[in-house]
Amino acid sequence: MHVIVVGAGLAGLSAAGALLDGGCAVTVVEASDRIGGRVWPRGSTAGVPVELGPEWLSADGELHDLLVGAGARVAPSEGARWRRRGGRWENLDDLAERNAKLVERIRRLPGPDRSLADALAECCAEASEDDRTRLLGYVQGFHAADPGMLSARWLGEVEAKQPADESDLRSLDGTAPVLHALATAPLKEATRLGTEVVAIEWRPGRVEIRTRAGGDPLVADAAVVTVPLPILRQLTFTPELPHIRQAAAMLRMGHVVKLVVRFDEPFWTDVVPPGPVLFLQVPNEPLPVWWTAPGRPPVLTAWAGGPGAEQVAGMSDRDLLRLAVESLAGGLGIRSEEVRQQIREHWWHDWTTDRFTRGAYSYVGVGGTGAHEVLSRPVERTLFFAGEATCGEGLNATMEGALRSGRRAAAQLLSNGRRFD
C-alpha cells in the first residue's frame, strides 16, 4: 500500500515512521523547506537551546521517552513566578491553585456550554477582580485563547487532565533530538520539502494530491493529512467532507508571537527578589510573559498569546524588539535603555502570519468538545487525519498530542488494510 502523508511536523513524522515500520510505501509532502512543523529548534546560545516553537513537556508520554531515548537531558523547571505592581513585587506561585478554584466553579455550571468570558460573569462575579484577571491572562497565555470564544466546558476538562503545571520539564538539549529520532534515513528519503498541497481528490482506495506547483497529481492508495487547523480549512476536498468542515469550524487556532533574547548578563537577578526566577508576568504590556532558561544563563523568552499576539502580529523585527524592551523594562521597573544596552542577539517568530501554520496551536470553541473525535475518524478507509487538533484527553496543543495522533492515524490505516477490489 502506498500512503501519502501531508505535513512533516511531529504528527506527520510519527505517522510516516509507523507506516514505514508497518510495510507501507510512504511519501511525505511538506510545504515548507524544513521538517518539524511548529517544532522549530534554532541552535543554541549561551549553552541553552533556542526554541521558536514549543519547549515544555510532561514527565510521562511518548515525547519524554523519545527525548530520553535519544540521549537528551530532561530537567524540571525551577524558580518563582513574580509580578511587579504598584512598585512592589508580588509572588504568583499560587496562580495554579487560584485558577483551579475558579475553573472548578465554572465546570459545575449547569446547562449548555458557553464561553469562558460568559461563564466568569455568570458564576464568579463576586470573585476578586485580580483572580478573574489572572485566569483570563492564563488562558490567553497558556492556551493562546480568546476568552470570548474559548469553551468553558473544555477548559474545565483540560485543566482537570492537563493543567500547565503538568508540563514543567524542558530538554536541556532542545527539541532537535526528537526530530533526529523521528527522521530516520528511510523517512528522509521519502520526504519532499517545498511541496504545498492545495487539493485532495479521492474515492475509496485512491487519492490524488494536487500541489500549488501544478503538474501531475501525486497518486496513492490513502492519505494521512496532518496539517495545522487553518491549513486544513483551506484544503479543497473532492468529494467534499462536510462533517470534517463542521468539526474544524468548532475549533479555534491560538495566536502566538515568541521571542528569545540573549543578553550580556542576567541583569534581572539584581532587580527581582532573591532566589531563582522562572516566570515574570508583565500584565498590560505587549509581551506580557517572560521566562528564564535552564541553568540561569543570560537568556529570556518573551511570549504573547491569544488576542494579545494578534495585536503584535505582522510587526517588523525592529518594532517587535522595541516593544519587547519596553515590556521587560516595565515589568522590572527600570529604564528601557538599561534593557536595550544589554541585548546581544535575538530570535523570534510570528506564528500567526506564518503562511504554513496561520497560528500556533488549537483550542476548543463553544460547543466543540467533541470535534476532535470527528476529525480523528477515518473516511472510507482512505483519508485519515492527525495533528494536535485531532487529539483528545487534554493533549491538543501539545507535542505529545501531535505524536500520539500521528501514531493513532497510522494504526487505524494499518488495521484497516486495503480491501477495495
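Trainee: How does the lining of the second largest pocket divide by class?

Mentor: This is a predicted model, and the classes come from its residues. The second largest pocket is lined by 17 residues. By class, its lining has three charged, seven polar and seven nonpolar residues.

Trainee: Which residues lie nearest the centre of the second largest pocket?

Mentor: The space in this pocket is about 180 Å³. Its lining has 17 residues. Those nearest the centre are Trp154, Glu157, Thr369, His372 and Gly392.

Trainee: Which element gives the most to the lining of the second largest pocket?

Mentor: Two elements, α6 (152-161) and β22 (361-364), each supply at least two residues of that lining. The top contribution is four residues. The element that gives them is α6.

Trainee: How many cavities of 30 Å³ or more are there, and what volume has the largest cavity?

Mentor: The count comes to four cavities of 30 Å³ or more. The largest cavity has a volume of about 150 Å³.

Trainee: Which residues are the closest to the centre of the largest cavity?

Mentor: The lining of the largest cavity has 16 residues. They divide into eight nonpolar, five polar and three charged. The closest to the centre are Pro49, Glu51, Glu55, Arg170 and Pro294.

Trainee: Which element gives the most to the lining of the largest cavity?

Mentor: The elements that give two or more residues are β4 (48-51), β9 (169-171), β19 (289-292) and β20 (299-305). The top contribution is four residues. The strand that gives them is β4.

Trainee: Which residues are the closest to the centre of the second largest cavity?

Mentor: This cavity holds about 100 Å³ of space. Its lining of 14 residues divides into nine nonpolar, three polar and two charged. The closest to the centre are Val227, Leu232, Ala386, Ala389 and Thr390.

Trainee: β20 helps line the largest cavity. How many of its residues are buried?

Mentor: In a regular strand the side chains alternate between the two faces of the sheet. In β20, Val299, Thr301, Trp303 and Gly305 are buried on one side. Leu300, Ala302 and Ala304 are buried on the other. The number of buried residues in β20 is seven of seven.

Trainee: How many bridges join β17 to β20, and how many join β19 to β20?

Mentor: Strand β17 (residues 256-263) runs antiparallel to β20, and Arg262 has Val299 as its bridge partner. β19 also runs antiparallel to β20, and there Thr292 has Leu300 as its bridge partner. Seven bridges join β17 to β20, and the number between β19 and β20 is four.

Trainee: Which residue takes a positive phi in the hairpin of β19 and β20?

Mentor: The hairpin has six residues between its strands. One of its residues has a phi near 85°. That residue is Gly295.

Trainee: Which strands are the edge strands of the open sheet of four strands?

Mentor: The order is β13-β12-β11-β15, with mixed pairing. The twist averages 15° from one strand to the next. An edge strand pairs on one side only. The edge strands are β13 (218-220) and β15 (236-238).

Trainee: What stands opposite Val207 in β13?

Mentor: Val207 belongs to strand β12 (residues 206-211). Three bridges join β12 to β13, and the two run antiparallel. Opposite Val207 stands Ala220.

Trainee: Why do the buried residues of α2 lie on the same side?

Mentor: The buried residues of helix α2 (residues 62-69) are Leu63, His64, Leu66 and Leu67. On the other side of α2, Asp65 and Gly69 are exposed. The buried four lie on the same side because they cover an arc around the axis of only 165°.

Trainee: Why does Gly87 count as partly exposed?

Mentor: Gly87 lies in the loop between β7 (80-85) and β8 (88-91). Buried means under 20% and exposed means over 50%, with partly exposed in between. Gly87 counts as partly exposed because its relative accessibility is 49%.

Trainee: What separates the C-alpha atoms of Gly87 and Glu285?

Mentor: Along the chain, Gly87 and Glu285 are 198 residues apart. In space, their C-alpha atoms are separated by 16 Å.

Methods: Residues are numbered from 1 along each chain as its sequence is written. This is a predicted model: local features need pLDDT of at least 70, side-chain atom pairs count only at pLDDT 80 or more; totals for chains, interfaces and linings use all residues. Side-chain values use heavy atoms; hydrogens and water are left out. On a 1 Å grid over the protein atoms alone, a cavity is a set of points where a 1.4 Å probe fits but cannot get out, and a pocket is an open set with protein on both sides within 12 Å along at least five of seven lines; lining residues have an atom within 4 Å of a point. Grid points are joined across faces, edges and corners, and a volume is the space filled by probe spheres set on the points. Ala, Val, Leu, Ile, Met, Phe, Trp, Tyr, Cys and Pro count as nonpolar, Asp, Glu, Lys and Arg as charged, and the others, Gly among them, as polar. Two strands pair if DSSP finds at least two bridges between them. Axes are lines fitted to C-alpha atoms, for helices over the stretch in contact, and angles run from 0 to 180 degrees between N-to-C directions. Buried means under 20% relative accessible area, exposed over 50%, partly exposed in between (1.4 Å probe, protein chains only). The arc is that of the directions from the helix axis to the C-beta atoms.
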